[in-house]
Amino acid sequence: MLNYVNQNERVHILTIEDPIEFVYTEQKALINQREIGVDVKDFKIAMKHAVRQDPDIMLVGEMRDMETFETAMHAAETGHLVFGTIHASSAPSTIGRILDLFPREMHPALRSNMGFNLKAVVAQKLLPTIRDTPKRVPIVEIMIMNPTIKKLILEERDEKLFDAIRIGKEEGMQLFNDSLYYFVTNEYISRATAFEVSPNVEQLKMQLKGIDVKQPGIL
């Protein structure tokens, strides 16, 4: 995603990573990459100095603790577009994963912050293909912060997020099963591989049979 911006936009991109996993070649964008422990002592110091460098876009490597996420959120609140990565099994479960980094008494305020500052969550799994090239393809789940998603997060109704994504397809959202369906029907991955990683195997089987499974409302 950052490289797409690099190819198309004249902006300043700053990354803070631990460690640097991909070295960008500058095209249209100006890119500065900082590695924790090499270029700067820790995330807190890195973020403090990063904002002073006036970046348009920031990448905060892996958000594995409360301090890292807080600094990333602060950068977003001050008008920067911030990308970050976190380990989670799906796009909706990312909300709970973030909350787990903080004590329970902070959760209401954190939900409010996410409601106002979070733009989208993209979950990814790389799966082996049945083709010579490419060897792997990314299966992606996309949750965009539309009013419905925002309302569910603020009201602590995370269990309804999957249904909100399902009915938000026209806005660019999709579930893992939608992505798996695409790659199976276009003969990139095998059905066995798809069924192995699908969060809802029966639903995927119905999709592959051309049966549209209607879901109850979310309100």
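This is a short tour of the largest pocket and of strand E3, one of the elements that line it. The model is predicted.

**Stop 1: the pocket.** Start with the largest pocket, which holds about 1600 Å³ of space. Its lining has 40 residues. Select Leu59, Phe83, Gly84, Thr85 and Val122: these are the lining residues closest to the pocket centre. Now colour the lining by residue class. You should find 25 nonpolar residues, ten polar and five charged.

**Stop 2: the walls.** Which elements each supply at least two residues of the lining? Among the helices, select H1 (2-8), H3 (66-77), H4 (93-99) and H5 (107-117). Then add the strands E3 (57-62), E4 (81-85), E5 (120-128) and E6 (136-144).

**Stop 3: strand E3.** Keep E3 and hide the rest. Is this strand mostly covered or open? It is mostly covered, with five of its six residues buried.

**Stop 4: the neighbours of E3.** Bring back strand E1, residues 12-17. E1 pairs with E3 in the parallel sense, over four bridges. Next, show E4. The pairing of E3 with E4 is parallel too, and it runs over five bridges. Ile57 is a good residue to centre on. Ile13 stands opposite Ile57 of E3, and in E4 the bridge partner of Ile57 is Leu81.

**Stop 5: the crossover.** Finish by selecting E3, H3 and E4 together. They make a right-handed β-α-β unit. Switch the pocket back on: E3, H3 and E4 each supply at least two residues of its lining.

Notes:
Residues numbered from 1 in each chain as written. Predicted model: local features only at pLDDT ≥ 70, side-chain atom pairs only at ≥ 80, totals over all residues. Heavy atoms only, no water. 1 Å grid on protein atoms, 1.4 Å probe; cavity = no way out; pocket = protein on both sides within 12 Å on 5 of 7 lines; lining within 4 Å. Points joined across faces, edges and corners; volume = space filled by probe spheres on them. Nonpolar A, V, L, I, M, F, W, Y, C, P; charged D, E, K, R; others polar. Buried < 20%, exposed > 50% of the residue type's maximum accessible area, 1.4 Å probe, protein only. Pairing = 2+ DSSP bridges. Right-handed = clockwise from strand over helix to strand, strands pointing away.
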